[in-house]
Amino acid sequence: MTEDQRRAIPFAVRAALASVAMACALIALKSYAAWSTGSVAMLGSLADSGLDLLASLVTLYGVRLAAEPADHDHRFGHGKAEALAALFQVALIAVSAAGIAWRAILRFSDATPTTDGEFGVGVSLIAIAATFILLAYQRRVIRRTGSVAIMADNVHYQSDLFLNLSVIAAIVLDQYFGFRGADPVFGILIAAWLAWGAFQASSNAIDQLMDKEWPEEQRTRFLDVAARHPELKGIHDFRTRRAGTHDFAQFHMYVAPDMSVREAHDVVEAVENNLRKAFPRVEVLIHLDPDGHVDTDNPLIEADVTPHWFGKRV
């Protein structure tokens with residue numbers, strides 16, 4: 001684990017703790033508001049906050065586990081614990097959406113109007129303000145750490161903004177304008193929004209678990225930095241992946257075939273230092289090849305059949 005990665009860990013943990021604290025506060029407020037108003041939309045918002053708390057606790061555990069250093073059984077560290085925590089969040093969001101949709105459908109046959117609308121609207125406005133603050137803090141942490149677990153938590157809380165605005169609209173339309181079907185309709189809309197958020201939040205986690213390559217722009221920048229060393233003749237079998245806040249890159253590097261072991265080692269060290277400065281969160285593994293060598297017995301070369309040559313045309 002690099003020094004930059006070690007410094008990033010406390011930020012992700014603090015972001016997870018902030019999510020837990022906010023979820024606890026909103027559960028207390030929304031519990032009383034749901035009881036006072038009788039709104040199914042508010043009840044849906046309460047259920048979502050309850051799952052927010054559970055999801056945030058799992059995120060906290062995942063972030064802390066991912067921060068554990070590599071050990072004998074996990075030589076690449078525990079970074080994928082974040083992706084597993086994110087997928088757990090996705091499952092909770094999906095369950096929440098199904099429950100809210102079912103409760104809203106049942107509400108269509110219940111003509112009982114909502115009550116105490118001012119209190120319900122006030123609680124929702126407090127929730128919106130608190131969510132804005134949390135989202136801004138999480139975005140700062142994501143930019144600094146790249147945490148996929150905090151990213152999934154951020155997507156979840158973005159849906160809360162729409163959810164709380166829907167609660168306000170449902171209560172106002174139902175209680176003040178007499179649209180008795182507004183509350184269950186907005187409950188179904190909230191459920192659909194949560195389901196869409198679950199689908200979106202799953203993509204980053206699945207990409208990490210499947211060891212998806214970095215975006216092409218990032219791969220190109222990485223190769224450009226590597227190419228700065230004049231003794232590097234080319235690169236092939238370039239592979240990348242991400243696990244939590246950790247990035248990994250490995251490649252075969254061509255050098256002059258008449259170099260001594262010490263000279264080739266010095267070139268590798270120089271290339272690694274350049275990459276470490278430009279990409280401080282990346283762990284790099286480099287294999288040396290003499291210029292002109294073709295690794296025909298390596299099936300992995302098929303994933304990158306065209307070597308990246310520097311200083312000359314293919």
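## Buried or exposed

A residue counts as buried when its relative accessible area is under 20%, and as exposed when that value is over 50%, with partly exposed in between. Let us put that cut-off to work on this predicted model.

Asp 237 has a relative accessible area of 2%, so it is buried. This residue sits in strand E1. Its backbone is worth a look too: phi is positive, about 55 degrees, although Asp 237 is not a glycine.

## The strand around Asp 237

Strand E1 covers residues 234-243, and eight of its 10 residues are buried, so the strand is largely enclosed by the rest of the structure.

Its partner is strand E2, residues 246-255. The two pair in the antiparallel sense, over eight bridges. If you would like a place to start in the viewer, look at Arg 241, which stands opposite Phe 248 in E2.

## The turn of the hairpin

E1 and E2 form a hairpin, with two residues between them. One residue to pick out in the turn is Gly 244, which has a positive phi of about 65 degrees.

## An aspartate in a loop

Now let us move to Asp 211, which lies in the loop between helix H6 (182-209) and helix H7 (216-226). Phi of Asp 211 is near 55 degrees, again a positive value in a residue other than glycine.

Is Asp 211 buried or exposed? The relative accessibility of Asp 211 is 33%, so this residue counts as partly exposed. Asp 237, by contrast, is buried.

Key. Residues are numbered from 1 along each chain as its sequence is written. This is a predicted model: local features need pLDDT of at least 70, side-chain atom pairs count only at pLDDT 80 or more; totals for chains, interfaces and linings use all residues. Side-chain values use heavy atoms; hydrogens and water are left out. Buried means under 20% relative accessible area, exposed over 50%, partly exposed in between (1.4 Å probe, protein chains only). Helices (H or I, at least four residues) and strands (E, at least two) are DSSP runs, numbered from the N terminus. Two strands pair if DSSP finds at least two bridges between them.
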